Structure formats: C-alpha cells, structure tokens
Amino acid sequence: MPMARKKQVSLSDTKYYHCISRCVRRAFLCGKDRLTGKSYEHRRDWVEEKLLTLGKVFCIDVCGYAVMSNHTHIVLYVDDKKAQKLSDKAIVLRWHKLFKGSWLTHKFINGDELSESERNMLDADISEFRIRLASISWFMRVLNEGIARRANKEDGCTGRFWEGRFKSQALLDEAALAACLAYVDLNPVRAKMADTPETSDYTSIKKRIDYARQGKQPKSLLRFAGNPRKHMPKGLPFELTYYIQLVELTGRCMRADKRGYISDSQPLLTRLQIEPDKWLKLTMKFTKVFHGAVGRKQAMTDYCEHLHKRRRANLTQCERLLG
C-alpha cells in the first residue's frame, strides 16, 4: 500500500525531495497521439510555466525538473524557515495568488478593522496557510490540478488526468542530491528526445546552461551556491560549472553514437566519492534502483529513526552505489 506522505517527509533530515507525476491517458501528457496524429507538445510549456510560477509563490524552491511525454520529474527544496519568517500579510497575499481567499482575508488585506472573533478566525487561517505554503503535497496538488483542468477543457472531457498520487523520494545527502539532479536533467537524453543537455527542451539543465552563457543563474530556480563552507548561503551545495560539465560528460556516455568518459579527476565526483561507473548507473536508473529515501548509511539511519521506521529500505543499494 502507498505510504502516507507525512511518513516520507522529514524536514529535520533533508529539505530536498524528488517528485514524479505520471499521466494516465493514452494521448500522453504532452506527446503525440499515434492514432489521431494530434500533437500535445504545447502542454509541456504549460507545465514548465506553472511550475516556475509556483516556485515564486510557495516557500518551496525548484532545484531541477524535466517535463517528459507522459510524466514529470521535479526536485524541490522546502524552505520552511522562510514560511515562518513571512509576515501575516505576505502569507495572505501569496495565498491569494493561488486561491480567491475568503471575505475575511480580503477584509484583512484591505486594512479594515477586525473584531476579536474575526482576528482569531484569521489567525487560524493564516497558520494553516503557512503550513500549506511549505507543503510539497499542496505544491504538487496546485500544479497537477491546474494542468489537469486545462487539459480536460482542451480535450472536452472529464475524469482523471494524473495517477492518483505523485511519488516522492527524500534525498538525504549531497551524493543522493547530485545523482538525482543529473538523473532528472538527463531524462530527455536517456529517452532519446534530445541529443545533448543544452538542446533538451523543458528541463532545468537547458535553462541553467542558457543563463550560464550570459554569466548568470536563473532566478526561477534554486541557485548553485558552491562547495559547502562555514557561512554557506542558501543554494545547492555544488559549483555550477562542475555540475554542468558533469552532466555533459554523463550525457555523452548515454549516447551509443558518442564516445564519452567521466574523468576520475572530475571535481564534483571526486568530492562526492562516487566511482564513475556507479555514477553512470545512478544517472540512468535512479528510480529503478531506489524506491524511497536515498542517502548514505548514517543519513538513512537518522531519517528512519525520526519517522519511526523499522526498516531502512534501499540501504544495500545506497551503500553499493553511493559508497
């Protein structure tokens, strides 16, 4: 049976989570219907636009994504501390960008005087909004529900568009995070939808490379903050240049018509202490070899203890592939 979401998310262990949503329709999410010849490729743009917009509203940052023909891969960072720091007004304004709100929330935003009972009701609502704005479940709900409604309207039908639940994986350490990010970014290359990372449309790696050519990082994605250090700013704990090089080299290895290799001296792999042959397997079969949380032994142990889990699923695979 599916595991309750609260038993998969432990923010004290990690803020990073890999989420997967799959479409249930024959016509695919964004692919081409082989029977009718109709193309749904434009829906990939819907997903990317909606995803990056939600990243600005929720207290959740988008680290990586790939919009495929019949499923999506998203790596998220939950910034629960930001949600707690935001003022009541900021929380309500963000909520109004997602939903219409109530007469009480609009009364508050308009600056109208509130009675004691109204203030108590509002405080309860705002507390709930804070929780939801830092909730992966609510983030994915708003994303998938919006796309489903739009697709149903276009198709002139009703019913399910996505599978009942999205799947999520906790990424417990840097090795798991780097491997998952590369796996997600290289999905189109692995599926032969693109030849290189920089030509793989609707992926975070293409967006990052486009901005990197201008010497910038995209504001819509969680930035690369460099190697871990004492006063570490918010961001992915890697060097952007090394990560892009690593994804490029890995992408070459996945193509039968290209001769590629991953150098033992590659800085990011060296720091993560992952062997090149194991890295290639990680970035090609991440969701097949791991079912659930991913990380090294101590991270897995802490995570399971905090969620009161008796079994450390994936531990053997994690030790074999992540060292």
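**View 1. Strand β1, tucked inside.** With 6 of its 7 residues buried, β1 is largely enclosed by the rest of the structure. This is a predicted model, so keep that in mind for every view here. On one side, β1 and β3 run antiparallel and are joined by 7 bridges. Two of the facing pairs are easy to pick out: C19 sits opposite I74 of β3, and I20 sits opposite H73 of β3. β1 also runs antiparallel to β4, this time with 4 bridges. Look for H18 here, whose bridge partner in β4 is Q169.

**View 2. The whole sheet, strand by strand.** Which order do the 4 strands take in the open sheet? Reading across, they go β2-β3-β1-β4, and the pairing is antiparallel. β2 and β4 (167-170) are the edge strands, each pairing on one side only. From one strand to the next, the twist averages 20°. Helix α6 packs on this sheet and touches β1 (16-22), β2 and β3. The direction of α6 makes about 145° with that of β3.

**View 3. The β2-β3 hairpin.** A hairpin of 3 linking residues takes the chain from β2 to β3. The two strands run antiparallel and share 7 bridges. Zoom in on V62 and you'll find L76 as its bridge partner in β3. G64 is another one to spot, standing opposite V75 of β3.

**View 4. β3, covered on both faces.** How many of the 8 residues of β3 are buried? The count is 8 of 8, so this strand is mostly covered by the cut-off used here, under 20% relative accessible area. On one side you have H71, H73, V75 and Y77, and on the other T72, I74, L76 and V78, and all of these are buried. Some of these names will be familiar from the earlier views: I74 faces C19, and L76 pairs with V62.

**View 5. The largest nonpolar core.** This core holds 53 residues, and the ones touching the most other members are F58, Y65, L76, L98, I136, F139 and M140. Helix α6 (residues 136-155) gives the most to the core, with 9 residues. As background, nonpolar side chains in soluble globular proteins tend to be buried together. Center on F139 to see who surrounds this side chain: leaving aside neighbours within four places in sequence, F139 is in contact with L51, L54, G55, F58, I60, V62 and L76. A second, separate core has 46 residues, including Y183, I205, L268 and L321.

**View 6. L143 on helix α6.** Is L143, a residue of helix α6, buried or exposed? L143 is buried, because its relative accessible area is 2%. Not counting residues up to four places away in sequence, L143 touches V47, K50, L51, L54 and I74. For a sense of how the chain folds back here, take L143 and E48: they are 95 residues apart in sequence, yet their C-alpha atoms are 9.9 Å apart in space.

**View 7. Helix α9 and its cover.** Now move along to α9, where S204, I205, K206, R208 and I209 are buried. What covers these buried residues? The cover includes β2 (60-67), α7 (174-185) and α10. I205 is also one of the members of the second core.

**View 8. Q217 in the loop after α9.** Where does Q217 lie? This residue is in the loop between α9 (204-212) and α10 (240-254). Q217 counts as buried because its relative accessible area is 18%, against a cut-off of under 20%. A polar atom of the Q217 side chain lies 2.7 Å from the backbone nitrogen of F224. Leaving out residues up to four places away in sequence, Q217 touches R208, Y211, R223, F224 and L240. R208 is among the buried residues of α9.

**View 9. Where the two domains meet.** The domain assignment splits the protein chain into domain 1 (1-172) and domain 2 (173-289). Their C-alpha centres lie 25 Å apart. At the contact, 24 residues of domain 1 meet 27 residues of domain 2.

Notes
Residues numbered from 1 in each chain as written. Predicted model: local features only at pLDDT ≥ 70, side-chain atom pairs only at ≥ 80, totals over all residues. Heavy atoms only, no water. Buried < 20%, exposed > 50% of the residue type's maximum accessible area, 1.4 Å probe, protein only. Polar contact = N/O pair within 3.5 Å; in protein donor to acceptor, adjacent residues only side chain to side chain. Contact = heavy atoms within 4.5 Å. Core = buried A, V, L, I, M, F, W, Y, C linked by side-chain atoms within 4.5 Å. Pairing = 2+ DSSP bridges. Axes fitted to C-alpha atoms, helices over the stretch in contact; angles between N-to-C directions. Domains from an automatic or database assignment.
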